[in-house]
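Got the model open in your viewer? Let's take a short tour, one selection at a time.

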Amino acid sequence: MEPGKPARLEEDRFAWATVVADRFLDNVETVVHGKREEIKLVLAALICGGHVLFEDVPGTAKTVLARAIAATVEDATQSRIQCTPDLQPTDVTGLSVFNPKDRDFEFRPGPVFANVLLVDEINRAMPKTQSALLEAMAEFQVTADGVTRHLPRPFLLIATENPIEQEGTFLLPEAQLDRFFVRTALGYPDEGQELRIVEEQVGGHPLGELEPAVSLADVEGLQRAVQEIYVDPLIRTWIVRVVRATRELDEVATGSSVRGSLALDRAVRAWALLDGRTYVNPEDVERLFVPVLLHRIFFTPSFLAEARDLGWRVAGERFRARCLSLAPPPGPDLVREAPAAATA
């Protein structure tokens with residue numbers, strides 16, 4: 001093989017991944033306007049095998065986003081669960097039903113058996129129903145009647161919470177919060193985007209005309225490509241130190257677990273890929289600190305009171321700054337681009 005040929009093939013593969021990612025984002029953004037950064041977070045979770053928790057008010061296109069993602073991936077299946085207090089675990093996972101023709105029980109799969117699953121208002125489901133999702137989220141499988149059944153891949157769970165109405169809700173347990181790859185919010189569109197949404201839906205919803213833009217094989221290709229994104233040893237060490245810093249501050253009751261370190265390492269690689277880079281920057285770590293780590297941390301009552309006064313956005317940014325002061329970014333010795341050996 002000619003000298004430099006492996007590196008050329010590597011560059012071609014990353015160029016292909018960038019094209020696929022942009023095509024995915026552009027297609028979803030045709031129906032969810034002005035939220036490209038938030039869509040990138042969801043796509044990062046998808047290609048990292050993670051799940052997303054949206055904590056947002058009603059009417060901010062969370063359901064539309066989930067449906068748009070499923071519609072963008074050709075042959076991807078989608079389903080939706082509207083959580084209520086009487087929702088049973090078998091309503092999620094499925095159950096065995098007696099078939100009189102065969103005189104035997106047969107398993108009827110529940111809505112969890114889909115590529116993209118929207119769990120609407122997850123905090124309205126009883127804890128036993130919420131826990132039915134844990135195995136699916138962590139291990140991509142469901143065990144029912146003593147039989148383990150694997151979920152289709154890729155599998156992306158998008159759950160929503162309504163933060164302004166708490167009556168009749170059940171807080172997610174700590175173990176389940178830690179299962180979510182990122183927690184974020186879509187928020188309201190600006191005035192121009194909202195006007196565009198109204199005008200587009202005069203004759204129907206544009207979601208009905210959304211065509212697939214990528215295949216399941218393309219998503220699997222992105223999942224393989226993200227594993228090859230270069231992370232400098234200094235940045236990887238810094239990621240661990242940043243997560244460990246969340247366990248040392250006075251305002252923290254319980255810091256992030258090792259799962260937070262793993263998630264942040266995967267997330268920054270996915271973010272670099274979606275930005276068209278083959279290497280991770282320190283800015284990626286700072287950008288993803290809040291959506292990847294904040295929901296994995298349990299704060300003292302005094303900090304929670306401060307967060308209610310300031311708002312979670314401001315409080316989260318201040319907390320991130322305190323963690324970064326304990327674990328400052330790498331110095332000028334950092335290699336900001338992947339060395340030739342990493343792409344050869």
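**Pockets first, then the sheet**

The lining of the second largest pocket splits into 9 nonpolar, 6 polar and 3 charged residues (Ala, Val, Leu, Ile, Met, Phe, Trp, Tyr, Cys and Pro count as nonpolar, Asp, Glu, Lys and Arg as charged, the others, Gly among them, as polar). This is a predicted model, where local features need pLDDT of at least 70 and side-chain atom pairs count only at 80 or more, while totals for chains, interfaces and linings use all residues. Numbering starts from 1 along each chain as its sequence is written, and side-chain values use heavy atoms, with hydrogens and water left out.

Select Gly-59, Thr-60, Ala-61, Pro-189 and Ile-197: of the 18 lining residues, these lie nearest the centre of that second pocket. (A pocket is an open set of points on a 1 Å grid over the protein atoms alone where a 1.4 Å probe fits, with protein on both sides within 12 Å along at least five of seven lines; lining residues have an atom within 4 Å of a point.) Now add helix 7, residues 191-200, which gives the largest share of this lining, 3 residues (helices are DSSP runs of H or I, at least four residues, and strands runs of E, at least two, numbered from the N terminus).

Next, pick Glu-55, Arg-183, Leu-294, Trp-312 and Arg-313, which lie nearest the centre of the largest pocket, lined by 39 residues. Helix 13 gives the most to that lining, with 4 residues.

Finally, show the open sheet: 5 parallel strands in the order 3-6-9-1-10 (strands pair if DSSP finds at least two bridges between them). At its edges sit strand 3 (78-82) and strand 10 (182-184), each pairing on one side only.
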